[in-house]
Amino acid sequence: MKALFYIIIFVIIIVGIWQFVKLLGLTKVENQTATEKENNINGWLLLVFMGFVYGLMIYSLIGYKDTLLPQLSASAEGHHIDILFKLTMGLILVVQFIIQFVLFFFAFKYRGINNRKAYFFADSHKLETIWTVIPTVVLSGLIIYGLWTWNEIMDSSDSENPLIIELYAKQFQWEARYAGQDNELGNANVRFIKGVNTMGVDFSDKNASDDIPLAVAEGKFVKELHLPKDRKVIFKLRSQDVLHSAFMPHFRAQMNCVPGMVTELAFTPSVTTAEMRLNDDTKAKFEHINALRKEKGKEAVEFDYLLLCNKICGASHYNMQLKIIVDEQADFNKWLATQKTFAQINK
Amino acid sequence: MSDHHHKETFVTKYVFSQDHKMISKQYLITGIIMGVIAGFMSMLFRLQIAYPEESFSIIEAFLGRAGEGGVMTPDMYLSLVTIHGTLMVFFVLTAGLSGTFSNLLIPLQIGARDMASGFLNMISYWLFFLSSVIMLASLFIETGPANAGWTIYPPLSALPQAISGSGLGMTLWLVSMAIFIASSLLGALNYIVTVLNLRTIGMKMTRLPLTIWAFFVTAIIGVVSFPVLLSAALLLIFDRSFGTSFYLSDIYVAGEVLHYKGGSPILFEHLFWFLGHPEVYIVILPAMGIVSEILAVNSRKPIFGYRAMIISIISIAFLSTIVWGHHMFVTGMNPFLGSVFTFTTLLIAIPSAVKSFNWITTIWKGNIQMNTAMLFSIGFVSTFITGGLTGIILGDSALDINVHDTYFVIAHFHLVMGVSAIFGMIAGVYHWFPKMYGRMMNKDLGYLHFWLTAIAAYGVFFPMHFVGLAGLPRRYYSNTAFPIFDDLADINVLMTIFAIIGGLAQLIFLANFFFSISKGKKASKNPWRATTLEWTTPVEHIHGNWPGEIPTVHRWAYDYSKTNENGELWEGEDFTLQTVPIRDGEEEF
């Protein structure tokens, strides 16, 4: 019933607006289209509005810089993406600033004046050609560079001794499995899910016994996915129930997890967690975050790489995450050696 | 027609009307109501995003149990974003926009008495009405409305065990959309047939106003792509209700293995986006047509590059059917296929750029009449450019990886097709209101409406890009689970404040619209001094549009400020109606 109360308030506001305008005598305006005075006011306002848009753009570009992801990509492949991104973004911003200016300036400059004659200008092959050819040339460049980058990222065929990890998504958590000694994952299917075998691994497959499921470390509350620096990691993605998406923004990496099929994603981590914590962007961002958290009485936090779910997957989609730690290779190998294989677990 | 009068009852005139002008008004009013509901939903979920830890009595008032204590549940949050998207994309910007203006303008601007089939037209509206009622009914059911996102990707949308809205809520969504598609196909076929067959004498295709070109091409895209969505929806209904496995395979949910085997959710995505991408052009092309017309009329200049405009409309339409894969770069599709879709997608920027430059050149050296319709049209060009440019990032497969499904995408498509199409639609309402209701809308309220709306639109959607670049995924009920997003709270509050300003500004529009219908100043026959045929009809609507003969057309629609060889305006007027024959010494453009 309270909803009705709100609706009545809205209706009263609507009626009030009209009555107010009527009271001011503004409903009796004689001429139909805009007057010279209105053209003038609105013309100037368009110029002011352009100032607002520019101000907002500049404010956002400067003021929100610290909130962005660290400029340093945490993967070698992400580096290519960053270059392409900066190039494209730079180009877009230049075009945006120029074209918006031209639009608003013309609108202002040619605001209507009684008795002025507009210029009958209906066509020009030259102009049409210019603004067909220029975007075509610029876009061709972007397309070629973009496709080159795309191929660089997606092609993982030439990597030597990659680390193979399975990421397994389910409502609303991530599980993972390292391929173990043979670097081959044992078969799996949801039909094998039973008891502790939460990933549905087929233990009759000989490749499965040395696979290492990711477990919660002693003294920790959540799982931490360890990755080695400077070694290619190939992720095999599966999903147990609905679509999920493995999104690792710091590595510039994302791939959907699709039930019934295995998708693939690969990158080479290039910055360890410890190194990234010392990165200037990261430090600035976390100083800001911790200051805000302090105001709210929350404990301070440190930077960590994250795996987020980025495809709507249900009510708790907003809290489906996995912490990622990038170690030096030696540290990683040491860590991996302490983890139990399926053979050891199932003994 | 004028010589024999049907006896019209209230029901045949206002309810089951076959007159395109009345049907157009029915579409508009229904569209506005759906827009108010969808817009109000966005206010509610913006409150949740900006203040995830606070409670609001308005949330409890409208959401009931799902908003107990003034905080909405995650399920309800997802329902709100799902239904907001569905209503806006389909019910407001497809039916509300195309339905209103195609119906109103196609017969009036091509010189026809009515649509080719008034009866089909009536059925089309009432199917739309029925689908609206079903969609709204789904808001009131026990398990809540559909909440798998407006793209309803299975398996989430197929499994009630996976999310509460995929029970009865999703069934109603699918039924509603199936009826909606039938409605829009009937409408589209009618538009195509009418444009092709019922043009008056002299109205060659190359003399049509750009509005008609836009509506015509939109209808063709609709006929090509909507049936694919219908088949996608039907297969989903099969999977949900009859145990088939078109989209489902190897699923373990709620503690048990389901029997589905061999299907692929990716198939659904292909089918969905084969409609879904053309759909954004179904939304934006009519707005482009409307804006082209309004910019020309109010600049008192011909639209620049009329033929280039037609060619770009057609090439956009063609390209729109071969780019759907850019929504699926990270689904695991073959990288080579990704390359092809990147190529075709970025090509669309070319006709879009041509159109933008042509609009800007149209206002150059004009004598711009800054009425509300014109302001919204200038706003359209501005937001279309701002939103369109980031499409170059999203369409590039390599760059899409890291912004896919983040708020960057939300900012992009809201500016380029949401705000722009709404601006086009509102511009159209202000411009053709005198034609629809015989009265003028209030100017001062119109100006206020525009300025508040324009500021709010940029205030909400420009900062949103940065939230996306910070890595925040869309459809997150709350981002408090991630400390790395803590510093986005300020931006989110700012956007919500602008959103509320924008929402309240629409109350001004509603006041202006509904009161002007009966209380507005009486309009003259041709208030904007435009050249097109609709302004030659009497102010009071009559069945059949023209009292006597249908006028004959002698020229294109854009003879504004045309001068003779001495540099004087023809007959001292800065516009020449399409019905005026070519004069001695005048060259037809």
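User: What makes α4(A) roughly antiparallel to α10(B)?

Analyst: Happy to start there, with the note that this is a predicted model. The axes of α4(A) and helix α10 (residues 335-347) of chain B come within 10 Å and cross at roughly 165°. Angles over 145 count as roughly antiparallel, so α4(A) is roughly antiparallel to α10(B). The crossing of these two helices, α4(A) and α10(B), is right-handed.

User: Which residues make the contact of α4(A) and α10(B)?

Analyst: On the α4(A) side they are A:Leu139, A:Leu142, A:Ile143, A:Gly146, A:Leu147, A:Trp150 and A:Met154. From α10(B) come B:Pro335, B:Gly338, B:Ser339, B:Thr342, B:Phe343 and B:Leu346. By kind, the residues of this contact divide into nine nonpolar, four polar and no charged. Gly counts as polar here, so A:Gly146 and B:Gly338 belong with the polar ones.

User: How many residues does each chain give to the contact between chain A and chain B?

Analyst: Chain A gives 112 residues and chain B gives 124 residues. The largest share of the side of chain A that touches chain B comes from α4(A), with 15 residues. Other elements giving two or more residues to that side include α1 (2-23), α2 (36-63), β7 (253-257) and α6 (280-295) of chain A. The residues on that side of chain A divide into 68 nonpolar, 31 polar and 13 charged.

User: Why is α4(B) called oblique to α8(B)?

Analyst: Let's set the angle against the classes. Helix α4 (residues 74-110) of chain B and helix α8 (residues 265-299) of chain B have axes that come within 10 Å and cross at roughly 40°. Under 35 degrees would count as roughly parallel, and roughly perpendicular runs from 65 to 115. An angle of roughly 40° fits neither class, so α4(B) is oblique to α8(B). As for handedness, α4(B) passes α8(B) in a left-handed crossing.

User: What meets what in the contact of α4(B) with α8(B)?

Analyst: In α4(B), the residues are B:Val89, B:Leu93, B:Thr94, B:Leu97, B:Ser98 and B:Phe101. They meet B:Glu279, B:Ile282, B:Val283, B:Pro286, B:Ala287 and B:Ile290 in α8(B). Sorted by kind, this contact has nine nonpolar, two polar and one charged. Glu counts as charged, so the charged residue is B:Glu279.

User: How do you know whether B:Ser561 is buried or exposed?

Analyst: Count its neighbours. B:Ser561 has 24 C-beta neighbours inside 10 Å. A residue with 20 or more is buried, so B:Ser561 counts as buried. B:Ser561 lies in the segment after α16 of chain B, and it has a positive phi of about 55° although it is not a glycine.

User: And what about B:Glu565, buried or exposed?

Analyst: B:Glu565 has 8 other C-beta atoms within 10 Å. The cut-off for exposed is 12 or fewer, so B:Glu565 is exposed. B:Glu565 also lies in the segment after α16 (489-519) of chain B. Its C-alpha atom is separated by 31 Å from that of B:Asn371, 194 residues apart along the chain.

User: What makes A:Asn183 partly exposed?

Analyst: A:Asn183 has 14 other C-beta atoms within 10 Å. Buried needs 20 or more and exposed needs 12 or fewer, so A:Asn183 falls in between and is partly exposed. A:Asn183 lies in the loop between β2 and β3 (212-213) of chain A. Its phi is near 55°, a positive value in a residue other than glycine.

User: Why mention a positive phi or a cis peptide bond at all?

Analyst: Because most residues other than glycine have a negative phi, and most peptide bonds are trans. In chain A, a cis peptide bond joins A:Gln171 and A:Phe172, with omega about -10°. A:Phe172 lies in the loop between β1 (163-170) and β2 (173-178) of chain A. In chain B, the peptide bond from B:Pro154 to B:Pro155 is cis, with omega near 5°. B:Pro155 is in the loop between α5 (118-137) and α6 (168-197) of chain B.

User: How does the radius of gyration of chain A compare with that of a compact globule of 347 residues?

Analyst: Chain A has 29 Å, whereas a compact globule of that many residues would be near 20 Å. The C-alpha trace of chain A spans about 95 × 65 × 40 Å along its principal axes. Chain A has eight helices and ten strands, and buried residues make up 38% of its 347 residues.

Key: Residues are numbered from 1 along each chain as its sequence is written. Chains are lettered from A and ligands numbered from 1 in the order in which they are written. This is a predicted model: local features need pLDDT of at least 70, side-chain atom pairs count only at pLDDT 80 or more; totals for chains, interfaces and linings use all residues. Axes are lines fitted to C-alpha atoms, for helices over the stretch in contact, and angles run from 0 to 180 degrees between N-to-C directions. Helices (H or I, at least four residues) and strands (E, at least two) are DSSP runs, numbered from the N terminus. A crossing is left-handed if the near helix is turned anticlockwise from the far one by less than a right angle, and right-handed if clockwise. Two residues are in contact if their C-beta atoms, placed from the backbone, lie within 7 Å. The radius of gyration is taken over C-alpha atoms; the globule rule is 2.2 Å times the number of residues to the power 0.38.
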